[in-house]
Amino acid sequence: MTRANGSNERFDFTTEVPAASSLGSVHFIAIGGAGMSGVARVMLAQGIAVSGSDAKESLVLTALVAEGAVVNVGHDASHVAGADTVVISSAIREGNVELREARSRGLRVLHRSQALASVMRGSRKVAVAGANGKTTTTSMLTVALQYCGLDPSFAIGGELAKHGTNAHHGTGDIFVAEADESDGSFLVYRPEVAIVTNVQPDHLDFYGTFEAVQAAYVRFAATVQAQGLLVACADDRGSRALAEAARAAGARVITYGLASDADVRLTELGGVGLRAHAVLLGPGLDSVVLGRLEIGMPGRHNLLNATAAFVAATAGLGQEPARVLEGLASFTGTRRRFEPKGEVGGVRVVDDYAHNPGKVTALVETASSIAAPGRLIVVFQPHLYSRTRDFAAELATALSPADMVIVMDVYAAREDPLPGVTGALIADRLVEAVERHPGEGVRFVRFVPSWSDVAPLVAQLAEPGDLVVTVGAGDVTMIGPEILRLLTQRLD
């Protein structure tokens, strides 16, 4: 999958991408995915003929058909007929029948990021990268720019709650995109403005080592256009090191964070319920108050995400600070990012996409403060066998502040099972923590390998005042509504 330097063996992300107008008819394999559907939407809006296939029916497929795509359920070589270009993600294996047919016909095959970069050509490009916070930061920046009276194009890894979509072809000249580092594809965009929220050891199935991850971010920073801007978090060790390296190379860099030496500094943090606020200060000892930041999402990590969006919109894209802050205050969230699902009998249920140690740590920290004085019950579904193997201890540590943790089995996504790797790896470490420190942190741990057994257990455990959070990048998102249904039955 990777070479020693972390580059992708299947795609060269350093070469110029073709113009969208030269792609002809475009076929997407697994068009229903969050990233793929977004690119398809933008292409449809640009008048490009789009077809696609996916393994099963979904609301996303229905929406794409309504927007003009020709979509088939299931994979078959015949679906490629009439296509000039085929778009895939790294999850599509060479043995896929449609990809094999495309190769045999000599069709152009593009990675999803290359297809996205092709429709971004000619725009003022903003790329948002980082192990954690990409989707939220991209969404916040998009909404802030819209509030400033602009109509930016965007492609996001989740749906904006206010708009109900993950992508849009705008009338303006700005294009905001979430840049995925997991397979090295974030090197393709060559943005005017880049945001790096953090640099952490993730996707080691691709990179092999954290050093290779760090090197990839250095290459990403080097793709920022001359006279462009890199926005980097000063609170994250990896992002701070990247900022220092980029400055040494002559790049324009603005850092943000709680750190005393951040160029844009957050102070006076606070919040009530699902809202949070902070005061933003400019650089130096004689710091100028840039404004009061308010957001409709809880947590220090989301205040940091909003600050990154603020810096990119103002210093990077020249927007009026007061208007940007008003836009950020109007942000109503992204689906699956601390998304409230409902409340029954005093039990609140929230869903979140967190799936690596950094994301889970931030989520549990925020949820714990909101749950108090009630209990925090976390239902965690590990994502990927390789991540579970590599970070079981770190994930257990991230989950440990919760009062009760139910660990599901691994959501495989693109991977084949690995011998001995199950959700029990995380649950066992949590149990060890309970035994070492009784009465501190988590008090109840259960590994529940059967998906259908999870909701009944949670409904049985939950009491009025509790906060239940379903967590993970897989189908754990469907468990929240089932918990609410069972709680409703209990009241009848």
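**Group meeting: sheets, cores and two residues in a predicted model**

Let me begin with a pair of strands: strand 19, residues 404-407, is joined to strand 20 by four bridges, and the two run parallel. Strands and helices here are DSSP runs, E of at least two residues for strands and H or I of at least four for helices, numbered from the N terminus, and two strands pair if DSSP finds at least two bridges between them. Within this pair, Val-407 stands opposite Phe-447 of strand 20.

Before going on, I should say that this is a predicted model, in which local features need pLDDT of at least 70 and side-chain atom pairs count only at pLDDT 80 or more, while totals for chains, interfaces and linings use all residues. Residues are numbered from 1 along each chain as its sequence is written, and side-chain values use heavy atoms, with hydrogens and water left out.

Strands 19 and 20 belong to an open sheet of six strands, ordered 16-17-21-18-19-20, with mixed pairing. Its edges are strand 16 (339-344) and strand 20 (444-447), each of which has a single partner strand, so one side of each is left without a neighbour in the sheet. On average, neighbouring strands of this sheet are turned by 15 degrees against each other, direction ignored; the axes are lines fitted to C-alpha atoms, for helices over the stretch in contact, and angles run from 0 to 180 degrees between N-to-C directions.

Which strands does helix 14 lie across? Helix 14, residues 454-461, lies across strand 18 (376-380), strand 19, strand 20 and strand 21 (467-471), and runs at about 170 degrees to strand 19. Six of its eight residues are buried, so helix 14 is largely enclosed by the rest of the structure; buried means under 20% relative accessible area, exposed means over 50%, and partly exposed lies in between, with a 1.4 Å probe and protein chains only. The buried residues of the helix are Val-454, Ala-455, Leu-457, Val-458, Ala-459 and Leu-461, and what covers them includes strands 18, 19, 20 and 21 together with helix 15 (479-491).

Staying in this part of the chain, His-383 sits in the loop between strand 18 and helix 12 (385-399). Is His-383 buried or exposed? With 11% relative accessibility, His-383 counts as buried. Its side chain makes a polar contact with the side chain of Arg-387 at 3.0 Å, where a polar contact is a pair of N or O atoms within 3.5 Å, one able to donate a hydrogen and the other to accept it within protein, and residues adjacent in sequence count only if both atoms are side-chain atoms. Leaving aside neighbours within four places in sequence, His-383 is in contact, meaning heavy atoms within 4.5 Å, with His-355, Thr-388, Tyr-411, Ala-413, Ala-473 and Gly-474.

Asp-205 offers a second residue to look at, and it is found in helix 6, residues 204-207. At 34% relative accessibility Asp-205 counts as partly exposed, and, not counting residues up to four places away in sequence, it touches Ser-386, Arg-414 and Glu-415.

Now to strand 11, residues 229-233, where five of the five residues are buried, so this strand is largely enclosed by the rest of the structure. Both of its faces are covered, with Leu-229, Val-231 and Cys-233 buried on one side and Leu-230 and Ala-232 buried on the other. Strand 10 (193-196) pairs with strand 11 in the parallel sense over four bridges, and Val-196 has Ala-232 as its bridge partner in strand 11. Strand 11 is also joined to strand 12 (253-257) by four bridges, again running parallel, and here Val-231 has Ile-254 as its bridge partner.

There is also an open sheet of five strands, in the order 3-2-1-4-5, with parallel pairing. Strand 3 (70-73) and strand 5 (108-111) stand at its edges with a single partner strand each, so one side of each has no neighbour in the sheet. Strand 4 (85-88) pairs with strand 5 in the parallel sense over four bridges, and Ile-88 has His-111 as its bridge partner in strand 5.

I will close with the packing. The largest nonpolar core has 66 residues, and those with the most contacts inside it are Phe-28, Met-43, Val-50, Leu-116, Phe-186 and Phe-220; such a core is a set of buried Ala, Val, Leu, Ile, Met, Phe, Trp, Tyr and Cys residues joined through side-chain atoms within 4.5 Å. Apart from this core lies another, of 41 residues, among them Cys-148, Ala-308, Ala-313 and Val-324.
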